[in-house]
Amino acid sequence: MVYTEDKIKSALELINNSKEIVIISHKSPDGDSIGSSIALYYYLKAKKANVTMCHPDNAPNFLNWMTGTDDILTLESDEDHVNEKMAKADLIFLLDFNTSGRIGKLDTILEETTAKRIMIDHHREPNLNFADLIFSDIQSCSTAQLIYEFIEASNDLDLLDRNIAQAIYTGIITDTGSFRFSSVQPKTHRIAASLLDLNIDHSTIHESLFDSNSENRIRLVSYTMLEKLVINRDLHTAYISLNKAELERFTAEKGDTEGLVNQALSIEGIKMAVFFKESDGIIKISFRSIGKIPVNEMAKNNFGGGGHLNAAGGKFVGKLTDAIDSFVTILPKFVNNNKSTFE
Ligand SMILES: [Mn+2]
């Protein structure tokens, strides 16, 4: 039980005693970081709190339709304002991440504040010194679901409105591949049902999230699958890569490479997929797997990253080709060490 009576009481006291609350989340925003932030934002507003969202970078286009995204201040676009709000804050919510490495330059600003911190998150291995109050549930499918449960545990479900419901629903479906990942619990569907009861337009939400591809993106995806997909049948692994020139050729925008790695994973017989992307002078690596293959260990032990069992990220400093070489060298041993999970 994440939301014990004691801890909820402490959280509500912190909320009630705060003059300025800030909600922060991780860089490279996704549906869950944006959705959970907006949901908590409108909930705290409904409780008459003075609250601001401050994120490291701007939301990708496929999330910009959501009511509330315009209210997110970002270091990328509005550094002064973010600095000002963070300095004034007496309470900061940390959503959908659990360690300082996930928030980019926002970390330095966070370190300078003396504000109390409440962390709500579902990633593995939370840094337990990172916040004053920690609500961490690694079984939960999404931070958005945890926000719903926070509101529920606070006896405030009557404050749920369409904006909150839409944001929670978005966080849940983007972090669960539309209810298909093993992290989905019966409770996830019950929560989704109660969100639909608030008259959110779930069909339009799906359309906005998944049917808003630009022509460039479809061409980029097609090129990647045609020219850049490498499959190792023996090791049940597929990988793809994109260098800077290729990303520029298709004028790739933020979010355009989202989901590419899942397409590689969808190939029959493939149990692990990896995507290498040249970005800002480093190589960003996304890992996906099915079943019990622990890609978070692969990311953590070799590429300075981490994440979930089936979805993790890491990075490599150096050339794209060297990143791939290094992965290809490690791969046989990883598959061998996790033999039973690959069968
Ligand atoms: Mn999440």
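**Reading side chains in this predicted model**

Visitor: Why does Arg219 count as partly exposed?

Guide: Because its relative accessibility is 48%; buried means under 20% relative accessible area, exposed over 50%, and partly exposed is in between (1.4 Å probe, protein chains only). This is a predicted model, where local features need pLDDT of at least 70 and side-chain atom pairs count only at pLDDT 80 or more, while totals for chains, interfaces and linings use all residues. Residues are numbered from 1 along each chain as its sequence is written, and side-chain values use heavy atoms, leaving out hydrogens and water.

Visitor: Which residue forms a salt bridge with Arg219?

Guide: Side chains of opposite charge can pair when their charged atoms come close. Here Arg219 pairs with Glu215, with 3.0 Å between the closest N and O atoms; the rule asks for a side-chain nitrogen of Lys or Arg within 4 Å of a carboxyl oxygen of Asp or Glu. Both residues sit in helix 9, four residues apart, about one turn of the helix. (Helices are DSSP runs of H or I with at least four residues, strands are E runs of at least two, and both are numbered from the N terminus.) Glu215 is exposed, at 54%.

Visitor: How many salt bridges are there by this rule?

Guide: Ten. Glu149, Glu152 and Lys187 are linked in a network of them. The closest N and O atoms of Lys187 and Glu149 are 3.2 Å apart. Lys187 lies in helix 7 (residues 186–196) and Glu149 in helix 5, so this pair ties together parts 38 residues apart in sequence. For Glu152 and Lys187, the closest N and O atoms are also 3.2 Å apart, and that pair spans 35 residues.

Visitor: Which of these three are buried, and which partly exposed?

Guide: Glu149 is buried at 10%, whereas Lys187 is partly exposed at 27%, and so is Glu152 at 30%.

Visitor: What about ring pairs: how many aromatic pairs are there?

Guide: A pair of aromatic rings is described by the distance of the centres and the angle of the planes. Rings of Phe, Tyr and Trp (its six-membered ring) pair if their centres lie within 6.5 Å; planes under 30 degrees apart are stacked, over 60 edge-to-face, the rest tilted. The count here is 15. Take Phe135 and Phe150: the centres are 5.8 Å apart and the planes at 65 degrees, so the pair is edge-to-face. Phe135 belongs to strand 6 (residues 133–136) and Phe150 to helix 5 (residues 143–153), so parts 15 residues apart in sequence are tied together. Both Phe135 and Phe150 are buried.

Visitor: Which residues do ring pairs link into a cluster?

Guide: Tyr3, Tyr43, Phe93, Phe135 and Phe150.
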